[in-house]
Amino acid sequence: MAALLSLLTVQLSAQPRSDLKTWLSIEAGPQWSMLKVTDPDGYFQGANVRSYVAGITVGQEILRNLTLSTGVLYIPRNDGINMVDDRPNQSGWSASTSFLIPLRAEYTIWPTDYPVSFTPRLGYIYNLETRSEEAYSAGSILSAPDGTVVSYDLQQLSEQDVSHLLEVGMGVNLRFSNSWQASLNLSYMTGLTGSPSNRYSLDYNDGTASSSTEYTTRGNALITTLALNIPLSNIWQMKSY
């Protein structure tokens with residue numbers, strides 16, 4: 001371990017500072033919360049509910065093509081329920097607001113001389129989530145795929161949310177002539193510690209029996225963003241790379 005730290009220190013000392021970039025990234029795109037449900041009667045399935053994410057990060061190269069970054073991402077997150085036929089216009093609602101603080105390590109791979117690169121990503125995310133003081137609740141009637149009329153009552157739960165997340169992902173980057181860069185990024189997040197969090201419960205009756213189930217998550221989510229990456233080091237050094 002000591003030898004590895006010594007090697008990293010030597011590499012950092014040997015790297016010319018003028019060659020290391022500082023990046024400002026602005027990103028936005030859709031986010032899907034991946035919820036799990038076990039329905040004994042098979043009417044409802046796990047809900048992959050779409051929300052949106054937007055944020056800003058700052059990254060610093062510590063070695064050529066190896067960047068550490070941090071910032072803030074904002075998600076006004078939605079929840080919802082899906083029946084097994086995955087019909088359009090499923091029931092959904094505004095559930096909470098999340099502020100994500102990521103710490104990412106990214107390595108840029110240039111496979112050819114073309115200005116297209118790939119960036120695998122590994123990171124830790126702290127999730128700060130807030131909800132309305134009044135928990136969401138609703139009741140309605142749905143027609144199941146076999147024609148059965150199902151009445152349900154839904155109640156948002158107040159369990160603690162998953163706060164510590166692991167992020168793995170990949171970006172595809174296009175470098176412009178002025179060194180600015182556009183990126184298409186895909187990330188998967190999951191909880192690092194603790195048990196799954198119960199987000200809401202669903203009680204329903206199909207005319208013959210009543211059933212109850214809970215929607216749970218370990219913080220699992222998919223995020224796809226488009227990002228504009230601006231090399232701040234170009235500004236203060238007044239040069240192009």
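**Two cavities and an open sheet**

The second largest cavity here has a volume of about 60 Å³. Of the 13 residues lining this second cavity, the closest to its centre are Arg104, Arg121, Glu167, Ser187 and Ile223. A quick word on terms: on a 1 Å grid over the protein atoms alone, a cavity is a set of points where a 1.4 Å probe fits but cannot get out, and lining residues have an atom within 4 Å of a point. Grid points are joined across faces, edges and corners, and a volume is the space filled by probe spheres set on the points.

Before going on, keep in mind that this is a predicted model, where local features need pLDDT of at least 70, side-chain atom pairs count only at pLDDT 80 or more, and totals for chains, interfaces and linings use all residues. Residues are numbered from 1 along each chain as its sequence is written, and side-chain values use heavy atoms, with hydrogens and water left out.

Back to that second cavity. S7, strand S11 (181-191) and strand S14 (221-231) each supply at least two residues of its lining, and S11 gives the most, with four residues. Strands are DSSP runs (E, at least two residues), numbered from the N terminus. The lining splits into six nonpolar, three polar and four charged residues. Here Ala, Val, Leu, Ile, Met, Phe, Trp, Tyr, Cys and Pro count as nonpolar, Asp, Glu, Lys and Arg as charged, and the others, Gly among them, as polar.

Searching the whole structure turns up two cavities of 30 Å³ or more, and the largest has a volume of about 190 Å³. It is lined by 18 residues, of which Gln31, Arg77, Asn127, Glu129 and Gly219 are the closest to its centre. Strands S1 (22-34), S4 (66-80), S6 (92-107) and S7 (116-130) each bring at least two residues to this lining. By type, the lining has seven nonpolar, seven polar and four charged residues.

Now for a sheet. Four strands form an open one in the order S8-S9-S12-S13, with antiparallel pairing; two strands pair if DSSP finds at least two bridges between them. S8 (137-143) and S13 (210-217) stand at the edges with a single partner strand each, so one side of each is left without a neighbour in the sheet. Strand S9 (residues 149-156) and strand S12 (residues 197-205) pair over six bridges, and tyrosine 152 has tyrosine 204 in S12 as its bridge partner.

Finally, look at valine 37, in the loop between S1 and strand S2 (44-45). Valine 37 counts as buried because its relative accessibility is 13%; buried means under 20% relative accessible area (1.4 Å probe, protein chains only). Valine 37 and asparagine 198 are 161 residues apart in sequence and 10.0 Å apart in space, C-alpha to C-alpha.

Notes:
On a 1 Å grid over the protein atoms alone, a cavity is a set of points where a 1.4 Å probe fits but cannot get out, and a pocket is an open set with protein on both sides within 12 Å along at least five of seven lines; lining residues have an atom within 4 Å of a point. Buried means under 20% relative accessible area, exposed over 50%, partly exposed in between (1.4 Å probe, protein chains only).
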